[in-house]
Amino acid sequence: MKLFNIILLNSLFVLIIGCGGGGEATNPQEQIPSAPTVQPSAPDIDTWPSPSWEVVEPSEVNMDESKLKAALDYAFQAGRNTQSVVIVRHGVVVAERYKEGENKDTLATSWSGAKSFTSALIGLAIDQGYIGSVDDKACSYLERWSCEEVVCLSLDCPLSRPLISIRHILEMRSGLSPTDGISIYSDKDDQLLHSLERSILTKPGETYLYSNEDSMILSAIIRKATGLTTKDYAEKELFSKINMVGDWWTDKEGHTMTYCCIDSTPRNFARFGLLYARSGKWDGQQIISDYWYQESTKLADGLDNYGLHWWLYPSVNLIGALGLHTNDIWVYKDLDLIVVRNSVFTKYGTESVRTGQNIHVTTAPNNWNNTNFLSLVTDSIND
């Protein structure tokens, strides 16, 4: 009988174990090996921001945090009047700082940095067949200019405006007369008309003269070519493609101010910088053609630091969309690096229309040196 009991107990023990009811096998899940942990890849030139930006430690993109801090400290010294700095590498934010009371959603303004956006739109219009060539005569797209104007070579009358090409305007070598110090931004309700009514004084392509009025003419060219205002064309063909939101001002007559005045956040401005750091590509799509990227960001013949509405520094492969009071977007293509700096900005009035009390005010930085600031940023790269 004892032997029978022993055999019965042993049989029950084997049955319990076989059914998974003994020892460490009480939880069936513990018998399933866990999946190996997959470490996320480090950001690189194939990393793109979604509608929001990823913020990472500088070390993840081989940058030194303490050196980046030195760059931010430089920008925010007393008297530098900096509202914001955003630094992007490999498609992620690695450093940013804002004036006390401001944050990533606070608007800044571009001032003349908008000229580089205008250049991008001219390129898009060429890519899409709305404009035949950057060397097309501007008069072909301007109702107020006749391409039949007679060339006048006497000393007492101007040259012919049909000599002016779109390239001449983008290079700031239109030959059109300066404005005797009158500010297009401050004093003109119809800024386009003011810009178009100037006479031509020198042969186009010869004399460089930085002119907001020249850039304003591009507003009419884009409108005539595409059928859309520059503001609407930008929103459709550029801003929406890179998840950027920007408020581009107009004059009182509804003409987009293509020489200035896009209000946006610094992170949004960095999106435009990233587009150009990646040669016009955005997340697998070629937004700006390689032709226009190359054409617009090379030095114009005979100029030291200017292309087609871009500032250029070939010795360090650096390009800039630069605005008044150091409202700048700097692009280092070789480093896949974008640096955005904006000055303290106040918008007065209720509309983004330059008339009456609707006006921008920014504060210039004191004792600012771009080389010193940007060197602190690039010195932080450990590659």
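In this predicted model, N81 lies in the loop that runs between helix α2 (65-75) and strand β1 (82-89). Although N81 is not a glycine, its phi is positive, at about 55°, and the residue is partly exposed, with a relative accessible area of 25%.

W111 also has a positive phi, near 45°, and is likewise a residue other than glycine. Its place is in the loop between strand β3 (108-109) and helix α3 (114-127). W111 counts as buried because its relative accessibility is 10%, and buried means under 20% relative accessible area.

The two loop residues are set out below.

| Residue | Phi | Loop | Relative accessible area |
|---|---|---|---|
| N81 | about 55° | between α2 (65-75) and β1 (82-89) | 25%, partly exposed |
| W111 | near 45° | between β3 (108-109) and α3 (114-127) | 10%, buried |

Strand β1, which bounds the loop of N81, is also one of the elements against which the buried residues of helix α11 pack. In α11, which spans residues 370-378, the buried residues are F373, L374 and V377. Viewed down the axis of α11, these buried residues fall within an arc of 90°, and they therefore line one face of the helix. The elements they pack against are α2, β1, β10 (318-323), β11 (327-332) and β12 (337-343). At the N-terminal end of α11, N369 acts as a cap, with a side-chain oxygen of N369 lying 2.9 Å from the backbone nitrogen of T371.

Technical notes. Residues numbered from 1 in each chain as written. Predicted model: local features only at pLDDT ≥ 70, side-chain atom pairs only at ≥ 80, totals over all residues. Heavy atoms only, no water. Helix = DSSP H or I, 4+ residues; strand = E, 2+ residues; numbered from the N terminus. Buried < 20%, exposed > 50% of the residue type's maximum accessible area, 1.4 Å probe, protein only. Arc of directions from axis to C-beta. Contact = heavy atoms within 4.5 Å. Polar contact = N/O pair within 3.5 Å; in protein donor to acceptor, adjacent residues only side chain to side chain.
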